[in-house]
Amino acid sequence: MDLFSRSACSFSFMRKMDEEVLNKQVNDSATRAVPITSELRCEITTPAVSGASILSSNGKVGVRGTWNLIDRAEAENVKKIEFHAIDLKSGMEYLMYESQLGVGGKRSDSRVLEFRRPGSFGIQLAVVLSGRYGYYRKYSPYAYANILFPTSLDAMSQFKSMMDRCWGETKITTKEYGFYVYLNGNSNMTIGEIYESEPTNAQGEASFNIERNESIFYRCDPRSPSFTFAVAQFHTHPPLTHASPSYWRMPGPSGIDMGNLPDDIPCLVYDYDRNELEDGKLYGGHKPNIPGTIYTYNGTRRPIN
Ligand SMILES: [Zn+2]
């Protein structure tokens, strides 16, 4: 069969079909027409490889794709370039950028990709080529970029005045107060609802739940800002002002706190400062306004993988 004349005769039809195939492939980022090739390169130009906080980077990752080593005939048939990202935690793939028109004689392209949520990502260049039988892709090996959650210290510095207010209240009411700090899709942190316990009993004990209300990580498209993720949990410990002087406790995270750690979420507890206390112990009947401090536990940064 004379393939050349066949394709020449049905050129306009093939052309239309190819466009449809291309669009389908573009929308289906898992399609792999051609294996990964070392002719293509993808490099991270913004220093986010080892990890940049989403607060400082706004999730922006600079990438440079190069297809300089594709042979001349192929280079002329480059129709489109794309940057894809795979979330290494969920395995989901996302098309982060595509050129709108043919890229002509270009051999490289630099882009800033915007990740709206934290994550550990493998990023690769895909070049869409036009061949005799339709469009196909070549892929570069992955380059890696980490977008990190804010730390519990970031949360503390942003919401210190609210934490101070809770601490002031807890010393008056003997209730515990607590809330989660959340990250939203605009690289901002907000605080959730403030929960409070009943006033403490004679032993200075109280218990309550701080509800965590967040998006499901692996379902969140990193291109979309519509998510809320917890980045830190905060609560206060009430005084022992009304307890017997024979009763004492160690300030800082309690046994109950350590047995009830929220998965992956760093915690902060506002309590009296051990360094200001004899033996580091807080005894019943103390003055309520001795110095307090914020303790961190359960890590300082929510992990991304
Ligand atoms: Zn506690």
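Me: Which residue takes a positive phi in the hairpin of β4 and β5?
Reply: That's G91, with a phi near 80°. The hairpin has 5 residues between its strands. One caveat up front: this is a predicted model, where local features need pLDDT of at least 70, side-chain atom pairs count only at pLDDT 80 or more, and totals for chains, interfaces and linings use all residues. Residue numbers start from 1 along each chain, as its sequence is written.

Me: What makes β4 and β5 a pair of strands?
Reply: Strands (E, at least two residues) and helices (H or I, at least four) are DSSP runs, numbered from the N terminus. Two strands pair if DSSP finds at least two bridges between them. Strand β4 (residues 78-87) and strand β5 (residues 93-98) are joined by 5 bridges and run antiparallel, so they pass that test. To see one bridge, look at A85, whose partner in β5 is Y94.

Me: How do you know that β7 pairs with β8?
Reply: By the bridge rule again: β7 (residues 119-131) and β8 (residues 134-139) share 6 bridges in the antiparallel sense. V127 has K138 in β8 as its bridge partner, and the hairpin leaves 2 residues between the two strands.

Me: Why are β1 and β6 called edge strands?
Reply: They belong to an open sheet of 3 strands, ordered β1-β3-β6 with antiparallel pairing. β1 (41-44) and β6 (108-114) each pair on one side only, which is what puts them at the edges. Neighbouring strands in this sheet are turned by 25° against each other on average, direction ignored; the axes here are lines fitted to C-alpha atoms (for helices, over the stretch in contact), with angles running from 0 to 180 degrees between N-to-C directions. Strand β3 (residues 60-66) is joined to β6 by 7 bridges, and R64 stands opposite S110 in β6.

Me: What makes T174 buried?
Reply: A residue is buried with 20 or more other C-beta atoms within 10 Å of its own, exposed with 12 or fewer, and partly exposed in between (C-beta atoms are placed from the backbone). T174 has 21 within 10 Å, so it counts as buried. T174 is in the loop between α6 (160-173) and β10 (177-184), and has a positive phi of about 60° though it isn't a glycine. Most residues other than glycine have a negative phi.

Me: And D279, buried or exposed?
Reply: Exposed, because D279 has just 9 other C-beta atoms within 10 Å. Its phi is positive too, near 60°, and it lies in the loop between β15 (267-272) and β16 (282-283).

Me: How do you know that the span of α6 is close to the expected one?
Reply: The expected span is 1.5 Å times one less than the number of residues. For the 14 residues of α6 that gives 20 Å, and the helix reaches 20 Å from first C-alpha to last.

Me: What puts the buried residues M163, C166 and T170 on the same side of α6?
Reply: M163, C166 and T170 are buried, and they cover an arc (from the directions from helix axis to C-beta atoms) of only 60°, so they share one side. On the other side, S161 and I172 are exposed. What covers the buried residues includes α5 (152-158), β10 and β15.

Methods: Two residues are in contact if their C-beta atoms, placed from the backbone, lie within 7 Å.
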